[in-house]
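Dear colleague,

I am passing on the structure we spoke about, with the sequence alongside it. Please look through it first, and then read the notes that follow.

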Amino acid sequence: MKNQRMYDELIELLTTDSASGEENQIAALLVDKLSALGFSVTTDQARETFGGHCGNVLAILDGSLPGSLLLCSHMDRVPNGLGIKPVEKDGILYSDGTTILAADDISGICAILEGVRQVLESGKPHPRLELYFTVGEEAGLYGAKATDISIFQSKIGYIFDSPGGIGRFVNAAPGRYQLGADITGLAAHAGNEPEKGIDAAKIMCDMLSGLKQGRLDPVTTSNFPILNTGSTAPNVVCDSASFRGEARSRDPKTLLDYVKYFEKHCTDVAQEKGAGIQVIKEESFLPFLIPEDHPALQTARKACEIMRLDFRAESGGGGMDANIFNAQGMTCIGVATGYTKNHTKAEQLILEDFFLSGDLARVLIETFGETL
């Protein structure tokens with residue numbers, strides 16, 4: 001199975017450089033492609049909210065059927081996504097091993113474009129289509145956070161931004177808090193009078209060694225990989241240190257309970273050692289859970305039945321634009337397009353699933369239109 005048009009567009013967009021805040025080239029291509037398809041296309045000022053150079057792209061095409069449907073993916077990619085050289089082997093697409101592949105989320109963009117083209121080429125009536133391509137997703141869902149969903153008529157959206165095989169829909173995802181601590185100690189000569197110092201580096205280590213981390217329960221994790229000290233010389237007791245990390249949970253109460261525990265644990269250790277502390281806690285996004293009897297998932301299930309795909313509603317481990325839109329009141333679920341090992345140089349895209357994702361976008365549009 002090979003959809004040459006879809007494959008060529010995939011290669012075109014994978015080899016177009018993009019990064020969080022630097023999506024200009026991808027955005028320009030999408031504006032041209034969508035305008036050629038008859039969409040009304042606008043861009044916003046989302047870049048101003050996080051210091052980027054590009055805004056979200058919104059494309060709207062009115063339909064003759066009632067209702068409106070949102071299809072969304074993001075234009076940026078994680079670091080090490082410049083100069084990508086795709087390599088195809090045995091029906092799977094890889095990078096050449098020096099970069100990521102960026103199937104997350106170029107495959108989602110291509111699936112949406114292909115699905116829309118198929119709908120338009122069929123000549124069949126369709127609902128209003130709202131296509132949204134966001135910026136800064138990988139850096140912190142910045143494009144979605146800058147969006148007021150009143151710009152949409154859609155009440156349901158499919159976010160083509162999930163790993164896994166075709167037929168996988170993500171109906172639950174964790175919320176996330178960014179957490180950390182800035183520790184203030186007291187400098188002293190490490191050889192002459194170390195007892196007069198307060199070692200911020202050691203206090204940081206004490207905090208982390210006693211902190212509950214990793215897999216905390218089936219739906220909750222935490223991780224603290226970023227460590228810094230203010231020391232530049234080995235003969236001075238360290239007077240400042242800091243660390244940063246995150247906590248995620250699909251249960252809102254569990255997440256907030258962990259944030260409270262984290263703050264108390266770090267504060268208690270600092271006070272015991274006589275150090276100053278500032279605890280960092282910032283909500284990144286909230287969790288969501290869409291029940292399987294919701295029309296968004298029922299439409300997805302019916303689409304899979306039409307295509308004879310194995311429908312799977314599953315929980316995800318990462319955040320995506322759906323977290324933001326669900327929190328604002330629009331029901332959105334993630335759609336897998338066939339990639340795995342995203343965010344690494346081992347990222348790969350199963351091309352058969354990728355080609356089917358374009359067909360799936362079409363059938364989702366058609367099925368949604370038929371149910372209203």
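Helices and strands are here DSSP runs, of at least four residues for a helix and at least two for a strand, and they are numbered from the N terminus. On that basis the protein, which is a predicted model, has 10 helices and 18 strands. The C-alpha trace spans about 85 × 40 × 40 Å along the principal axes of the protein, and of the 372 residues 51% are buried. Among contacts with a separation of 6 or more, 78% are between residues that lie 24 or more positions apart.

I begin with a sheet. Four strands make up an open sheet with antiparallel pairing, and their order is S4-S5-S18-S17. Its edges are S4 (87-89) and S17 (339-340), each of which pairs on one side only. Between S17 and S18 (residues 348-350) the antiparallel pairing runs over two bridges, and in one bridge Thr340 has Gln348 of S18 as its partner. Helix H1 (residues 4-14) packs on this sheet, where it touches S4, S5 (92-94) and S18, and the direction of H1 makes about 15° with that of S5. Helix H10 (residues 351-371) also packs on the sheet and touches S4, S5 and S18, with a direction that makes about 65° with that of S18.

H10 has a helix partner as well. The axes of H3 (103-122) and H10 are 7 Å apart, and the two helices pack at an angle of about 50°, which makes H3 oblique to H10. The crossing in which H3 passes H10 is right-handed. On the H3 side the contact is made by Ser107, Cys110, Ala111, Ile112, Glu114, Gly115, Val116, Gln118 and Val119, and on the H10 side by Phe354, Ser357, Gly358, Asp359, Ala361, Arg362 and Ile365. Sorted by class, the residues of this contact are eight nonpolar, five polar and three charged.

A second helix pair is formed by H6 (residues 200-209) and H7 (residues 252-273), which pack at an angle of about 140° with their axes 10 Å apart. Why are H6 and H7 called oblique to each other? Angles over 145 degrees would count as roughly antiparallel and those from 65 to 115 as roughly perpendicular, and the angle of about 140° between H6 and H7 falls in neither range, so the pair is oblique. H6, too, passes H7 in a right-handed crossing. From H6 the contact involves Ile203, Asp206 and Met207, and from H7 it involves His265, Cys266, Val269, Ala270 and Lys273. This contact of H6 with H7 has five nonpolar residues, one polar and two charged.

One loop residue also deserves a note. Ser95 lies in the loop between S5 and H3, and because its relative accessibility is 7%, Ser95 counts as buried, the cut-off for that class being under 20%. Which residues does Ser95 contact, leaving aside its neighbours within four places in sequence? They are Lys85, Pro86, Val87, Ile100, Leu101, Lys345 and Glu347. Ser73, which is 22 residues from Ser95 along the chain, has its C-alpha atom 21 Å from that of Ser95.

With best wishes

Terms used: Residues numbered from 1 in each chain as written. Predicted model: local features only at pLDDT ≥ 70, side-chain atom pairs only at ≥ 80, totals over all residues. Heavy atoms only, no water. Axes fitted to C-alpha atoms, helices over the stretch in contact; angles between N-to-C directions. Parallel < 35°, antiparallel > 145°, perpendicular 65-115°, else oblique. Left-handed = near helix turned anticlockwise from the far one by under 90°. Contact = heavy atoms within 4.5 Å. Nonpolar A, V, L, I, M, F, W, Y, C, P; charged D, E, K, R; others polar. Pairing = 2+ DSSP bridges. Buried < 20%, exposed > 50% of the residue type's maximum accessible area, 1.4 Å probe, protein only.
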